[in-house]
Amino acid sequence: MADAVTVTDLVVERGRRRVLHDLSCAVPAGRVTGLLGPSGSGKTTLMRALVGVQRVRSGEVTVLGEPAGSPGLRARVGYVTQSPSVYPDLSVRENARYFAALYGRGARAADDALAAVGMTDAAGQLVADLSGGQRSRASLACALVGEPELLVLDEPTVGLDPVLRVDLWDRFHALAGAGTTLVVSSHVMDEAGRCDRLLLLREGRLLADLTPGELRADAGTHDLEEAFLTLVRRGEEVAA
Ligand SMILES: Nc1ncnc2c1ncn2[C@@H]1O[C@H](COP(=O)(O)OP(=O)(O)OP(=O)(O)O)[C@@H](O)[C@H]1O
């Protein structure tokens, strides 16, 4: 399976602090790759580098065969940040149709995207009147409507109830099955088990690049939270 993204020796500094240290990794095409790590470990910074909005100090990020941020990638890469980017004074449906029009798609594509995130029933509501979780889903629909080849999602399941969470993960795998590459960040380790591949970050460094099964086997525990901590402790022992 070809890689959709390759990151080589990436160094990023934010506010005079180095937050990514010579990071190298790859994201396989047509899979769900989880970006996991504690708060502040650099997940959002790495995602920003993938979509080309992060100033980098050195290193290379190649996305779908082009340097990250190239104009040719604009319609091929979707990014959903932690703050929903939808218009509060428009309804959910109007937002989806607006984004569909930007991508040269019609009302049908907008309705399909809303259905995919379980927002059909709320389509007529103003975004300003939605709950936080609904707002995130509306934002996700607006990214899905363009059918990007790479979808980068920063903590998309925060604030969702367990049923919606499972629905959304099913949707991610359906998209991957149809060829979309997904990078999904989370700091909830139980979601790691739903990913095809995991990139574990800690303090701006790649701690591991492996499957959930490999992580469990490597750490000798079925509990992914515990497995992650085992890897962290092992890293600390090596560093000491
Ligand atoms: N605008 C900024 N200026 C300076 N430092 C920043 C800025 N944004 C983030 N940082 C720092 O960069 C580091 C990595 O932050 P980042 O947001 O990438 O982490 P994260 O893993 O996504 O965290 P979270 O899970 O809390 O969203 C942190 O130490 C953070 O304090």
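**Reading a ligand shell and a helix pair**

Strand S2 (17-28) and helix H1 (43-51) each supply at least two residues of the shell around the ligand.

Student: What surrounds the ligand in this model?

Tutor: The model is a predicted one. One begins with the residues around the ligand: there are 15, and the closest are Ser39, Gly40, Lys43, Thr44 and Thr45. Helix H1 gives the largest share of this shell, 3 residues.

Student: How many residues of the shell are nonpolar, polar and charged?

Tutor: The shell is sorted by residue class: 2 of its residues are nonpolar, 9 are polar and 4 are charged.

Student: Which atom of the ligand is 2.5 Å from an N or O atom in the side chain of Thr45?

Tutor: A polar contact is read as a pair of N or O atoms within 3.5 Å. For Thr45, the ligand atom at 2.5 Å from a side-chain N or O atom is an oxygen. Another such pair joins a ligand oxygen to an N or O atom in the side chain of Gln82, at 3.3 Å. With Arg14, a nitrogen atom of the ligand lies 3.4 Å from a side-chain N or O atom. As for surface, the ligand taken alone exposes 630 Å², of which the protein buries 66%.

Student: Why are H2 and H3 described as oblique to each other?

Tutor: Angles from 65 to 115 degrees count as roughly perpendicular and those over 145 as roughly antiparallel. Helix H2 (residues 92-102) and helix H3 (residues 107-116) pack at about 125°, their axes being 8 Å apart. The two helices are therefore oblique to each other. The crossing in which H2 passes H3 is right-handed.

Methods:
Residues numbered from 1 in each chain as written. Predicted model: local features only at pLDDT ≥ 70, side-chain atom pairs only at ≥ 80, totals over all residues. Heavy atoms only, no water. Near = heavy atom within 4 Å. Polar contact = N/O pair within 3.5 Å; in protein donor to acceptor, adjacent residues only side chain to side chain. Areas by Shrake-Rupley, 256 points an atom, 1.4 Å probe, with all protein chains shown as cover. Helix = DSSP H or I, 4+ residues; strand = E, 2+ residues; numbered from the N terminus. Nonpolar A, V, L, I, M, F, W, Y, C, P; charged D, E, K, R; others polar. Axes fitted to C-alpha atoms, helices over the stretch in contact; angles between N-to-C directions. Parallel < 35°, antiparallel > 145°, perpendicular 65-115°, else oblique. Left-handed = near helix turned anticlockwise from the far one by under 90°.
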